[in-house]
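Student: I have a model open on my screen and would like a close look at one part of it. Could you pick one helix and walk me through its surroundings?

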Amino acid sequence: MNTNTVKISSSNLNLYYGTNHALKDVNLELYTNKITAFIGPSGCGKSTYLKTLNRMNDLVPNVKIEGEVLLDGENIYDQRVDTTLLRKKIGMVFQQPNPFPMSIYDNVAYGPRIHGIKHKAELDAIVEKSLKGAALWDEVSSRLKKSALGLSGGQQQRLCIARALAVEPEVLLMDEPTSALDPISTLKIEDLMDELKEKYTVAIVTHNMQQATRIADHTAFFLVGEVVEYAPTTELFTVPKDKRTEDYITGRFG
Ligand SMILES: Nc1ncnc2c1ncn2[C@@H]1O[C@H](COP(=O)(O)OP(=O)(O)OP(=O)(O)O)[C@@H](O)[C@H]1O
């Protein structure tokens, strides 16, 4: 894995929800312009880990985080870090498509407007570019002023990806982005992810091991808060080094 450039690196990362030690000494590196998948049984800490990467867990009461997460070598947990700017750089897409109850256009323009962009021509260009980037433009260009809630689930999820792209992030975090979608919409998002990695660094939590093998360059296997194994995806699924990884990927537990 040495040929890859490190975008995000976490070292000795521990997270506690009250007394629940949910992440245990997680050391992982995410590489620029690659897709990294996090797999593992329910409750093993995949989503928690993903959320530590843009400090979404800061919002949870009684959470305690120790260790470091570096983005381009800078610790994102440094007190001076502005979390709004951090989350502009590291965008997130959730399991359930969650468009705002407003027009397609306004959903995509929402982030840029918050960051101070007001001119219509500039916003129009961002909306078009982002919708194209999320492979949705052709389906919605004639109905930009219509409610986003009228889109199908798969379209809504691509809209959420467009909304994330609109603020020009460097990293995209995706928490089971296709688990609520039908197989055709899922394939569309997987194809899209392959395009997105040309420009962004992508991390995805998935329950679907086939999905990880289809799209991820690297895969980390989590078990009760620990990373058991982290390797290039083909290696992890064909020659796992740890017996627990082997048991999981062959369906013996989880
Ligand atoms: N906001 C929270 N407050 C308290 N405990 C939490 C919170 N979120 C997660 N946990 C706990 O942390 C542990 C890890 O949960 P997490 O959601 O990260 O696992 P996961 O691997 O993503 O699971 P799943 O695949 O079911 O989504 C679990 O024990 C869970 O109950």
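**A close look at helix H6**

Tutor: Happy to. Before we zoom in, a word on confidence: this is a predicted model, with a mean pLDDT of 94 for the protein, and 98% of its residues reach 70 or more. The model scores ipTM 0.97 and pTM 0.93.

Now the setting. The protein has ten helices and ten strands. Its radius of gyration is 18 Å, close to the 18 Å that the globule rule gives for 254 residues, so the protein is as compact as a globular protein of that length. Along the principal axes, the C-alpha trace spans about 55 × 45 × 35 Å. Buried residues make up 42% of the 254 residues. Among contacts with a separation of 6 or more, 68% are between residues 24 or more positions apart. An unreviewed UniProt entry carries the annotation "domain: ABC transporter" for residues 8–249. That span is 37% helix and 27% strand, and its end C-alpha atoms lie 26 Å apart.

The helix I would choose is H6, residues 153–165. Let us start with its geometry. At 1.5 Å a residue, its 13 residues should span 18 Å, and the end C-alpha atoms are indeed 18 Å apart, so expectation and model agree.

Next, how much of H6 is covered? Twelve of its 13 residues are buried. The buried stretch begins with Gly-154, Gln-155, Gln-156, Gln-157 and Arg-158. Leu-159, Cys-160, Ile-161 and Ala-162 are buried too, as are Arg-163, Ala-164 and Leu-165. As a reminder of helix geometry, an α-helix has 3.6 residues a turn, so residues three or four places apart point the same way.

What do these buried residues pack against? The helices in the list are H3 (104–114), H4 (120–133), H5 (137–140) and H7 (183–196), and the strands are E6 (90–93) and E7 (171–175).

H6 also matters to the count of the nonpolar core. The largest such core has 66 residues, and H6 gives the most to it, with six residues. Ala-162, which is buried in H6, is one of the core members that touch the most other members. The others in that group are Phe-38, Leu-172, Leu-173, Val-202, Ala-203 and Ile-204. Phe-38 is worth selecting on your screen: leaving aside neighbours within four places in sequence, Phe-38 is in contact with Lys-46, Tyr-49, Leu-50, Ala-203, Val-205, Ala-220 and Phe-222.

From here we can step outwards to the partners of H6. Take H3, whose buried residues are Ile-104, Asn-107, Val-108, Ala-109, Gly-111 and Pro-112. What covers them includes H4, H5 and H6. H3 is followed by Gly-116, with a positive phi near 100°.

The loop between H5 and H6 holds Lys-146. With 13 C-beta neighbours inside 10 Å, Lys-146 counts as partly exposed. Not counting residues up to four places away in sequence, Lys-146 touches Ser-103 and Ile-104; the latter is one of the buried residues of H3. Lys-146 and Ser-103 are 43 residues apart in sequence but 5.1 Å apart in space, C-alpha to C-alpha.

Two loops that adjoin partners of H6 deserve a stop. Ala-135 sits in the loop between H4 and H5. Although Ala-135 is not a glycine, its phi is positive, about 55°. It has 17 other C-beta atoms within 10 Å, so Ala-135 is partly exposed.

The other loop lies between E7 and H7, and Glu-176 is found there. Glu-176 has 19 C-beta neighbours inside 10 Å and so counts as partly exposed; the cut-off for buried is 20 or more. Leaving aside neighbours within four places in sequence, Glu-176 is in contact with Gln-95, Val-205, Thr-206 and His-207. Val-205 is also among the contacts of Phe-38, which gives you a link back to the core. Glu-176 and Lys-34 are 142 residues apart in sequence and 17 Å apart in space, C-alpha to C-alpha.

To retrace the route on your screen, begin at H6 with its twelve buried residues, then follow its packing to H3, H4, H5, H7, E6 and E7, and finish at Glu-176 in the loop between E7 and H7.

Technical notes
Residues numbered from 1 in each chain as written. Predicted model: local features only at pLDDT ≥ 70, side-chain atom pairs only at ≥ 80, totals over all residues. Helix = DSSP H or I, 4+ residues; strand = E, 2+ residues; numbered from the N terminus. Rg over C-alpha atoms; globule rule 2.2 N^0.38 Å. Contact = placed C-beta atoms within 7 Å. pLDDT = per-residue confidence, 0-100. UniProt positions renumbered as here; feature names shortened; annotations may be inferred. Expected span 1.5 Å × (residues − 1). Core = buried A, V, L, I, M, F, W, Y, C linked by C-beta atoms within 7 Å.
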